[in-house]
Amino acid sequence: MLSRTVIKRLRHEIEASLAQNDKRGQSKHNAKQMARAQAQCESRSYQQIAGLYSSASFRTYHRNALTALRWIADTYGCKRLEDCRPYLPAYFAEMERRGLSAWTVRTRVYALCSVYGADYKTLFGIQHLPARHRVDIMRGRTLSVTNGRFHTQEQEDVRLIARACGARRGGLLRLTPDDIIEHHGQLYIHLCEKGGKERDALVLPAYKDNVRQIFARYTQADGRTVTGGKQRLFAKAALPKDMPLHYLRAQYARELYAYFSQQGHGNGQLYHCRADRKGQSYDKGLLMLVSYNMGHSRCDVIVSHYL
């Protein structure tokens, strides 16, 4: 059993180490653009930029690094960050023994790489990290048993908005009465989501009337949450973290793809699936339209995670 002193010391050392890569408040998009321009000017290949540009990434790396280092400290009697370093390969073997998912393993490995400022080949003595496969993704594929408890009127309205425009939790929490937009006969919802990215997501035609009613109802309601000087449409209590929003985003993606297909927006260029979905194909023009409305920029993300 680790003492509080050791845990507190490890937590402090992890935070101090991650602070060296702390770039919160800066634009990762701008940093990428500058790095690409620099690489082009110097006639070299673009190298991925490093750093933690969001608070969510900082917290995720801190939490995962602490989980790993607490196990090492408890198992091998270490008391400081540097004492734990020789036992990182043993922790990797422990993750494999437990059968942790490839996503969890990679997150913890990269968190520790950020803490120690070295690559995983040096730290863990391995050549490759476990591969991630679409078929292994479980999140958002089905509705969990907890879905039945989201039954208040506000929670049902939140789910309908998510189903209608594919919003993430952060985007739903930031919605204001002014974020509904009518343009050329189409209805859009303005969303500000992770990384500060903003987009106007198309509302599926089948939900337009319901969305208008919900915005009208909560705009007129008293006692709305106010953050950042703006009145928010929904209270934070209406959006539990285990609400199946990813499942609803997947439904939105499928319905939006079908809608754009009916409207004839495809460009005839095909995206061919691989691995376990070999033989299936999608129109790239439709995929990019769906991708834009969901806040992504790549066809493969839409295919593997939503369609």
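## A residue on the edge

A16 counts as partly exposed, because its relative accessibility is 41%, a value that falls between the limits of 20% for buried and 50% for exposed. This residue belongs to helix α1, which covers residues 4-18. Keep in mind as you explore that the model is predicted.

Sequence distance and spatial distance can be compared here. A16 and V115 are separated by 99 residues in sequence, yet their C-alpha atoms are 8.7 Å apart in space.

## Helix α10 and its two sides

Let's check the length of a helix. Helix α10 runs over residues 208-220, which makes 13 residues. At 1.5 Å a residue it should span 18 Å, and its end C-alpha atoms lie 19 Å apart, so expectation and model agree.

Which residues of α10 are buried? They are K208, V211, I214, F215 and Y218. Looking down the axis of α10, you would find these buried residues within an arc of 125°, so they line one face of the helix. On the face turned away from that buried side sit the exposed residues D209 and Q220. The cover over the buried residues of α10 includes helix α8 (153-165) and the strands β1 (180-183) and β2 (186-192).

## Helix α12, from start to finish

Helix α12 takes in residues 284-293, and its buried residues are G285, L286, L287, V290, S291 and N293. Among the elements that cover them are α8, β3 (198-202), α11 (245-262) and α13 (299-305). The strands β6 (270-272) and β7 (281-283) also take part in this cover.

Both ends of α12 have something to show. At the N-terminal end, D283 acts as a cap, with a side-chain oxygen 2.8 Å from the backbone nitrogen of G285. Just after the helix, G295 adopts a positive phi of about 80°.

## Two nonpolar cores

In soluble globular proteins, nonpolar side chains tend to be buried together. In this model the largest nonpolar core has 48 residues, and those touching the most other members are I161, L172, L175, I189, V211, F234 and L287. At least two residues of this core come from each of α8, β2, β3, α10, α11, α12 and α13. Helix α11 gives the most, with 10 residues. A second, separate core contains 34 residues, including V6, I14, A65 and L88.

L287 links this picture back to helix α12, where it is one of the buried residues. Apart from neighbours within four places in sequence, L287 is in contact with Y257, Y271, Y282, C299, I302, V303 and L307.

## A buried glutamate

Is E193 buried or exposed? E193 is buried, because its relative accessible area is 3%, under the 20% limit. This residue is found in the loop between β2 and β3.

The side chains of E193 and R168 are joined by a polar contact of 2.7 Å. Not counting residues up to four places away in sequence, E193 touches A167, R168, G171, R174 and R199.

## Cysteines without partners

A disulfide is a covalent bond between the sulfur atoms of two cysteines. How many disulfides does the model have? The count comes to 0.

Two cysteines show why. The sulfur of C113 has its closest cysteine sulfur in C84, 15 Å away, which is too far for a bond. For C165, the closest cysteine sulfur is in C192, 13 Å away, and that is also too far for a bond. C113 counts as buried, at 11% relative accessibility, and C165 is buried as well, with a relative accessible area of 0%.

How values were computed: Residues are numbered from 1 along each chain as its sequence is written. This is a predicted model: local features need pLDDT of at least 70, side-chain atom pairs count only at pLDDT 80 or more; totals for chains, interfaces and linings use all residues. Side-chain values use heavy atoms; hydrogens and water are left out. Helices (H or I, at least four residues) and strands (E, at least two) are DSSP runs, numbered from the N terminus. The expected span of a helix is 1.5 Å times one less than its number of residues. Buried means under 20% relative accessible area, exposed over 50%, partly exposed in between (1.4 Å probe, protein chains only). The arc is that of the directions from the helix axis to the C-beta atoms. Contact means heavy atoms within 4.5 Å. A polar contact is a pair of N or O atoms within 3.5 Å; within protein, one must be able to donate a hydrogen and the other to accept it, and residues adjacent in sequence count only if both atoms are side-chain atoms. A disulfide is a pair of cysteine sulfur atoms within 2.5 Å. A nonpolar core is a set of buried Ala, Val, Leu, Ile, Met, Phe, Trp, Tyr and Cys residues joined through side-chain atoms within 4.5 Å.
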